Amino acid sequence: MLFFSKRPTTKSLLSVKPFVVFPLLAMSFQAFAKSSEVVADEAQRWGMNMPQGVTATSNEIYDLHMLIFMICVWIGVVVFGVMFYSMIMHRKSSGAVPSKFHESTIVELAWTIIPAIILVAMAVPATSTLIKIYDTSDADIDIKVVGYQWKWQYEYLGEEVSFFSNLTTPQDEIYGRAPKGEHYLLEVDEPVVIPINKKVRFLITANDVLHAWWVPALAVKRDAIPGYINDVWTVVDEPGIYRGQCAELCGKAHGFMPIVVHAMEEVDYQQWLDAKKGEAEELKLAMSQSFSMDELYARGEKVYQTNCVACHGPVGAGGVGPSLIGSSITTGPMNGHLSLMINGVQGSAMQAFGEQLNNIDMAAVITYKRNAWGNNMGDMLQPVDVLNHKRSL
Amino acid sequence: MGDHGPAQGFGRWLFTTNHKDIGSMYLWFSFAMFLMGGVFALVIRAELFQPGLQLVEPEFFNQMTTMHGLVMVFGAVMPAFVGLANWLIPMMVGAPDMALPRMNNWSFWILPFAFALLTSTLFMEGGGPNFGWTFYAPLSTTYAPPSVTYFIFAVHIMGASSIMGSINIIATILNMRAPGMTLMKMPLFVWTWLITAYLLIAVMPVLAGCVTMMLMDIHFGTSFFNAAGGGDPVLFQHVFWFFGHPEVYIMILPAFGIVSAIIPTFARKPLFGYASMVYATASIAFLSFIVWAHHMFTVGMPIAGELFFMYATMLIAVPTGVKVFNWITTMFRGSMTFETPMLFSIAFVILFTIGGFSGLMLAIAPADFQYHDTYFVVAHFHYVLVPGAIFSIFAAVYYWLPKWCGNMYDERLGKAHFWLSFIGLNVTFFPMHFVGLAGMPRRIPDYALQFADFNQIASMGAFLFGFSQVFFLFIVIKTIRGGKQATEEVWENPEGLEWTIPSPAPYHTFTTPPAIK
Amino acid sequence: MKSSPSIKGIVARLLLVTVGMFGFGFALVPLYDMFCDITGLNGKTNAEAFIPLAELIDTSREVTVQFVATNNDYMPWEFKPQVFKMKVHPGEEIETTFYAKNPSAKSMMAQAIPSVSPSRAASYFLKTECFCFNQQQLAAGEAIDMPLKFIVDRDLPDNVSTITLSYTLFDITNGGAIAGNSLAIR
């Protein structure tokens, strides 16, 4: 995006000495105030209120939010009004003489009872909204949502369609080596697709630690708890792409597992679903095909950038995870490498990818790792080898 | 008797059983922790100054948020209040010292040990605690770094220190009051601390139980919080918040007491509704035990549970409102002056009320589905804790410092400190309401572009606020080293026994009980 | 002068409260389970076999039951319901199976943890036989159909038309801890 190209000045200042640059920060503030003039999407940038959203529930919650907010504002005006009045009128410097009163049963009773009545007035609409939110019955579509460290899996129940949804923002954008895109940190490879005007029920659980599935425009937020299942529902009114994020601290990449919901007309949804099923069929076919080294390498690089880069780094030099350059695994026996990828390493952050990657991607990423970054093993793996290996286990 | 001074050298501090010495040590320790927790906060704010990862990696960022929370809650706010209690309660009730002076020494000296242990985890392999100050399982058990065991022991020691401190305070208040000092004559600071101490005794053991269960899950193969063995991660949250919610009030009730002492002095008018203040404090303390699950509206409780906790939480607004109204009515038709303690107290009333408003919004369960775990929550509890707990501590220090060291602080500098803090605080935390409502989750090291502007403003405010506190250190040291001699009363007709003794307060006071009117 | 309570007495009482509250922390565990059993909070279902009484079948009503299978961390088994969805009459005893296969090269133990959604239906979903009552051991490469028999209680609230039964499969080969203990460097 345009406007962020203005930022590097402040960044380089900040990265030098964060604790001694306050005056410089203040200067950069002026710089950035100017830069805001060239920004196109002002409303989104300075967003300071809850989005109204695109569902009946989200609108109801928005109204509730505004109602309570306004009640608070008015109470605040009255209370602070009295306070500032006495701070201005009852100063010693203007000769005020203190009175002596220090209790009044009537007044004290009044300001206990009146707030209680206001609270009841708030509780009534809140209760009715909550009851609606809790009614998950009669859903048209059920989608299981599983939180993983650090991605989401969606499974369309009864449809044999299931996929992972990974962050696609490149590491270069995150580390400031490339300009940040419009949907920085809110973009995924495969959004969850739902039809509009249908009651969609999400069954939410987790694979490892707690996560929380949250899409503000749908006003849906629910914790994903390993071993337990939670359900929430939504009916989206307008087609569109709605973005959200994980809302429960789940470890290192908690800030890097967005949610993208793509709501479309029902016909389009059906088409998408059929295509998805077709893809699954094709994949089954492709499992038996052979690929060239170049094909595998190119595909493997993509898989690597999605699944491995967060721990092993963009060029395999390691980070949180060990370096893959010349390691005993990537330059060791093929079988060991494959087993490790399928089963993961217990007690470490290395996950079991056997279920998460299909056989083609598994073959491709292993081939890539064994031949990239100067590993130059020259060997490669075909999907059918992965299949056979899994069968032989 | 009563005239011999303190021992000399380091031994004075190591072996002291004098409530004033111990109070001072608590206060200095908490200030050191306040600066350390502040540095952690500035690391967070520096990283969040703009989108992208610039200064720290996400793992370290998570350690910073965790340590910031733990250090500020257990290291800065709680010990500061215990320090004030040590200094003030014996003087306020006309007692020569705390009821259990030797235990008093212990409860202080195990604290630095606990925090050394906690801080050392940052340098261990795998890093320090990175699971948030709420340390939800299984991130804090099965998936925790190895240093979690040290974290657990540190929490145990902090808990022991708090419990010992509370027993001491309760025993002092119930047993050591001067003749004629009936319960309903006690200053509100003493009352609020008495209730706080009971809260501590009720919930710190639950926290100890909670971390003990974690320890057993991690090392002894139990499954309290592990679904595979029949446990439940949600149970962890119930146990934690059964402690955690009263803990929030532990950090605010003594502040109520402080403000209730300061506002009448500078309004030159007795506190309005003393009795209702006591009852309101007691009912807040009671309610704090039945609202804990409002921290967990999104875990998928049945609707009956959601409704119960929503209604109970909303109820807290009533006694809290009573307190705010009482303070304002105390000011009403008074004769006000605005010295530094009063400025901090007025800011307390305003900003704490704003924190209360956002708290009321968060109590509404359906709306909480949008607010939960966003920066709106961060803004809310910082509005309650910074101008709430921290500002009240500043107010207390300015108010009683002349009594402690015998010198007046420099009013001009004090006011400058106030305004810098006030502006810094609002610039830091007010924009957080906006980004929270707009959809920014908390505890993330990097964020989407639309949150950039308000985050930048918040970061600048944070540095302003942070550096103002170094200025506060300067003011306090300057006051201790010299300045205008303070009178016995210090202020104009303040109420309380502590103003009947000379300034600085002699090493031993009230060795013969004072007469109470 | 009014006599105040003795310091020793106060301390003794407060210590007792402290110990009591420490115990209460642990007592929350069974209390919570009890509470969950009664209210269906957290969607836990009965952990032991329900002994069916001569229940009458309510043929006037149909309830949809869905089955969901999820693997926990580091669980390589294939695990899925044989039937995804069925319509049942309350009171009727139904049998179905879940398929599990251990594709790994070693013998493994697993524990399935059930959870019902919506949670208010949990206490009306009565399992008379379930693979989740026991741990499952599968040798390398072994596959199995695991049986489940259940009855949907006739008192199921009217506003529940769909019940989802979810199983999460945990690897417990190395004892209760899922993924090794935390002392391992992650």
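In this predicted model, the centres of domain 1 and domain 2 of chain C, taken over C-alpha atoms, are separated by 40 Å. Domain 1 of chain C covers residues 1-39, while domain 2 of chain C covers residues 46-171.

Chain C also holds an open sheet, built from four strands in the order 2-4-8-6 with antiparallel pairing. Because strand 2 (78-81) and strand 6 (125-130) of chain C stand at the edges and each has a single partner strand, one side of each is left without a neighbour in the sheet. From one strand to the next, the twist averages 25 degrees. In general, the strands of a sheet pair through backbone hydrogen bonds, and they may do so in a parallel or an antiparallel manner. Strand 2 of chain C and strand 4 (residues 93-101) of chain C run antiparallel and are joined by four bridges. Within strand 4 of chain C, the residue that stands opposite K80(C) is Y99(C).

Chain B is described by its helices, of which there are 16, and by zero strands. The radius of gyration of chain B is 22 Å, close to the 24 Å that the globule rule gives for 517 residues, and chain B is therefore as compact as a globular protein of that length. Along the principal axes, the C-alpha trace of chain B spans about 65 × 50 × 45 Å. Of the 517 residues in chain B, 69% are buried. Among the contacts in chain B with a separation of 6 or more, 83% are accounted for by residues that lie 24 or more positions apart.

Chain B also touches chain A, in a contact that takes 92 residues from chain A and 84 residues from chain B. On the side of chain A that touches chain B, at least two residues each are supplied by helix 1 (8-16), helix 2 (22-35), helix 3 (42-45), helix 4 (56-89), helix 5 (105-133), strand 7 (220-224) and strand 9 (240-246) of chain A. The largest share of this side comes from helix 5 of chain A, with 14 residues. The table below divides the residues of the side of chain A that touches chain B by class.

| Class of residue, side of chain A that touches chain B | Number |
|---|---|
| Nonpolar | 57 residues |
| Polar | 21 residues |
| Charged | 14 residues |

Terms used: Residues numbered from 1 in each chain as written. Chains lettered and ligands numbered in written order. Predicted model: local features only at pLDDT ≥ 70, side-chain atom pairs only at ≥ 80, totals over all residues. Rg over C-alpha atoms; globule rule 2.2 N^0.38 Å. Buried ≥ 20, exposed ≤ 12 C-beta atoms within 10 Å, placed from the backbone. Contact = placed C-beta atoms within 7 Å. Domains from an automatic or database assignment. Nonpolar A, V, L, I, M, F, W, Y, C, P; charged D, E, K, R; others polar. Pairing = 2+ DSSP bridges. Axes fitted to C-alpha atoms, helices over the stretch in contact; angles between N-to-C directions.
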